[in-house]
Amino acid sequence: MLSRRRSLLLGGLAWTLLSTLAAVGLAQSELTRLREAFDTDARIAHRLLSQRAAQHDAILATLNLLQPTRSGAEDDQPQQHLPAVYPQVLLVLQRDRGHDWRDAALQAADAQSRVLDRAVSVHIDLAQGRYLLVQHGEPASHALRLDLRAMVPWSEWPIRVDDPQRVSLQFGGQSLVLQAGHGAPDAAPWPYAFRKVLASPSQPFEVVVERGFGWADLPWGRMAGASALIAALLAAAAAWWRQRVARRRAEELLRLGQVARLNTLGELAAGIAHELNQPLTAVLASTQAARRLLADEEHDPADTPLLRQALDQAAAQARRASDVLLRLRRSVERPDAGRVLQPVALDVLVADTLHLLEPESARRAVVPQVVAAAAPVVVQGDAVAVQQIVHNLVMNALQALEQVDAAERRLVLTLDTDGDAGRLRVADTGPGIPDDALPRLFEPFYTTRPGGLGLGLSLCESLAQGMGGALAAEANPPCGACFTLRLPRVAERP
């Protein structure tokens with residue numbers, strides 16, 4: 001149960017992190033796309049307004065080239081054909097040779113235009129959207145009164161009226177809004193602004209395009225889809241991982257089961273050899289005695305050779321059977337034969353075994369508690385044999401805990417050292433072991449569990465002794481049993 005909660009917590013954290021990263025990436029990509037589109041529209045707007053400003057310079061240059069044939073004072077009458085062609089031209093003014101402009105500002109701008117050899121803006125009133133553009137010429141100079149709002153080519157304008165962009169012209173602290181847009185760009189979470197002066201030096205108005213991108217501009221649909229996809233991928237990965245862990249656990253349990261069956265078979269063979277050796281020895285002794293009796297007492301001389309031959313064959317076969325069983329017993333009495341003892345970390349083997357038995361523990365609603373020393377407990381032994389002992393002890397404890405209420409089930413594994421030995425104590429709160437059963441607990445074929453063979457603990461003791469250790473059992477007050485495994489400890493290097 002605890003492992004499942006931990007897995008769910010880790011999965012939730014992984015989903016949150018990956019979903020956040022995906023959402024940030026999608027949001028950044030969308031904001032970059034919107035920014036690029038905004039920048040493109042702003043540059044097109046700037047180019048169109050710059051073309052109109054250049055057009056004004058061209059109109060004045062054309063008027064100066066087409067000098068009028070009549071002379072006179074300042075002409076304050078508009079030339080009718082220009083406003084019809086160019087709506088932004090409100091009025092055309094002309095100063096003839098030998099005359100001055102009536103407006104001192106126009107006169108100063110005319111002089112400045114002669115020095116700069118280009119048109120000059122004067123009487124700039126962005127609040128009204130009006131200004132004058134003066135171009136010095138000989139014999140006459142000309143000026144245009146222009147409407148800034150009318151100079152916007154709406155037919156080619158890239159920004160729709162309902163778009164949120166705000167477009168304005170700014171000069172000397174004045175500002176003229178050409179397109180209001182909607183919203184407050186500066187108050188938005190991601191405000192963008194484009195600023196660039198018109199390409200005509202005679203009309204140095206700064207084109208300002210502003211827009212604020214808010215939460216509503218983020219790709220919420222794609223972000224939700226990405227989160228759902230990540231959740232599906234994590235669920236698939238978790239299912240694959242659970243299957244992989246279950247498969248590895250089953251393979252490891254199968255390996256331990258095969259080793260246990262082989263060792264149990266050896267233990268069983270050792271028991272059979274022990275049980276059969278005595279009657280075979282008795283047969284051998286009886287046949288030898290009969291042979292001696294035949295040799296001492298009177299008997300029919302005709303039957304003596306046949307009787308002696310039969311007894312000799314019986315003795316030989318009995319001796320042969322005894323030798324075979326003796327060899328079998330010697331081969332299985334030492335479970336350490338063929339094993340190479342080496343340093344093994346007892347705490348790692350305990351953790352691996354508990355992992356293998358995790359489904360068994362969860363099925364019985366038991367959460368094993370491991371109390372380990374600060375330093376790892378390293379012992380001299382065989383990893384497979386030690387793991388088999390721990391497996392048997394933990395399984396016996398879990399089976400014993402089935403007999404008590406779920407609320408009373410406790411399983412504690414304590415790892416520590418005792419002198420030159422590493423020690424593992426497996427204590428449960430089950431029904432315990434009867435006092436009369438404790439002395440015979442490790443005898444082969446002795447069991448207190450219905451249906452048991454009585455070879456598990458005997459095998460564990462044989463394995464422990466084969467590694468130079470010991471296995472003991474005792475009561476675990478107030479209830480339950482405690483098994484203690486002691487193995488030679490590997491000395492720490494200085």
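This is a short walk through the model, one selection at a time.

**The whole chain**

Start with everything shown as a cartoon, and keep in mind that this is a predicted model. The chain has 494 residues, and 38% of them count as buried. You should be able to pick out nine helices and 15 strands. If you like contact maps, here's one number to go with the view: of the contacts between residues at least 6 apart in sequence, 68% join residues at least 24 apart.

**Stop 1: the sheet E1-E4-E3-E2**

Now select strands E1, E2, E3 and E4. They make an open sheet in the order E1-E4-E3-E2, and the pairing is antiparallel. Out at the edges sit strand E1 (89–95) and strand E2 (120–125), each pairing on one side only. Neighbouring strands here are turned by 15° against each other on average, ignoring direction. Strands in a sheet pair through backbone hydrogen bonds, so showing backbone atoms is a good way to look at this kind of element.

Zoom in on E1 and E4, an antiparallel pair with six bridges. To find your place, pick Leu91, whose bridge partner in E4 is Arg145. E1 may be an edge strand, but it is mostly covered, with six of its seven residues buried.

Slide across to E3 and E4, which run antiparallel and are also joined by six bridges. A handy marker on this side is Gln135, which stands opposite His142 in E4.

Next, add helix H3 (residues 104–116). It lies across E1, E2, E3 and E4, running at about 150° to E2.

**Stop 2: Glu138, in a loop**

Follow E3 (130–135) off its end and you come into the loop that leads to E4 (141–147); Glu138 is in that loop. Is Glu138 buried or partly exposed? Its relative accessibility is 48%, so it counts as partly exposed. Turn on side chains and look for His136: a polar contact of 3.1 Å links its side chain to that of Glu138. Then measure from Glu138 to Arg114: the two are 24 residues apart in sequence, with 9.9 Å between their C-alpha atoms.

**Stop 3: Asp147, in E4**

Go along E4 to Asp147. This acidic residue has a relative accessibility of 14%, and because buried means under 20%, it counts as buried. What does its side chain meet? One partner is the side chain of Arg130, in a polar contact of 3.1 Å. There is also a backbone partner: the nitrogen of Arg149 lies 3.2 Å from a polar atom of the Asp147 side chain. Leaving out residues up to four places away in sequence, Asp147 touches Gln88, Leu90, Gly129 and Arg130.

**Stop 4: Leu148 and the largest core**

Step one residue on, to Leu148. Beyond its neighbours within four places in sequence, Leu148 is in contact with Leu126, Gly129, Tyr131, Leu169, Leu176, Leu178 and Phe205. Leu148 belongs to the largest nonpolar core, which has 41 residues; Leu49, Leu144, Leu148, Trp157, Phe205 and Val209 touch the most other members. Where do the residues come from? Helix H1 (2–65), E1, E3, E4, strand E5 (166–171), E6, E7 and E8 each supply at least two. H1 gives the most, with 13 residues. Apart from this core lies another, of 38 residues, including Leu357, Leu398, Val404 and Phe442. In soluble globular proteins, nonpolar side chains tend to be buried together.

**Stop 5: the sheet E6-E5-E8-E7**

Select E5, E6, E7 and E8 for another open sheet of four strands, in the order E6-E5-E8-E7 with antiparallel pairing. The edges are strand E6 (174–179) and strand E7 (190–197), each pairing on one side only. From one strand to the next, the twist averages 25°. E7 and E8 (residues 206–213) pair in the antiparallel sense over eight bridges. To see one pairing up close, pick Trp190, which stands opposite Phe213 in E8.

**Last stop: helix H6**

Finish on helix H6 (residues 346–356). Which of its residues are buried? Select Leu346, Leu349, Val350, Thr353, Leu354 and Leu356. Now look down the axis: these residues cover an arc of only 155°, so they lie on the same side of H6.

Notes: Residues numbered from 1 in each chain as written. Predicted model: local features only at pLDDT ≥ 70, side-chain atom pairs only at ≥ 80, totals over all residues. Heavy atoms only, no water. Buried < 20%, exposed > 50% of the residue type's maximum accessible area, 1.4 Å probe, protein only. Polar contact = N/O pair within 3.5 Å; in protein donor to acceptor, adjacent residues only side chain to side chain. Contact = heavy atoms within 4.5 Å. Pairing = 2+ DSSP bridges. Axes fitted to C-alpha atoms, helices over the stretch in contact; angles between N-to-C directions. Arc of directions from axis to C-beta. Core = buried A, V, L, I, M, F, W, Y, C linked by side-chain atoms within 4.5 Å.
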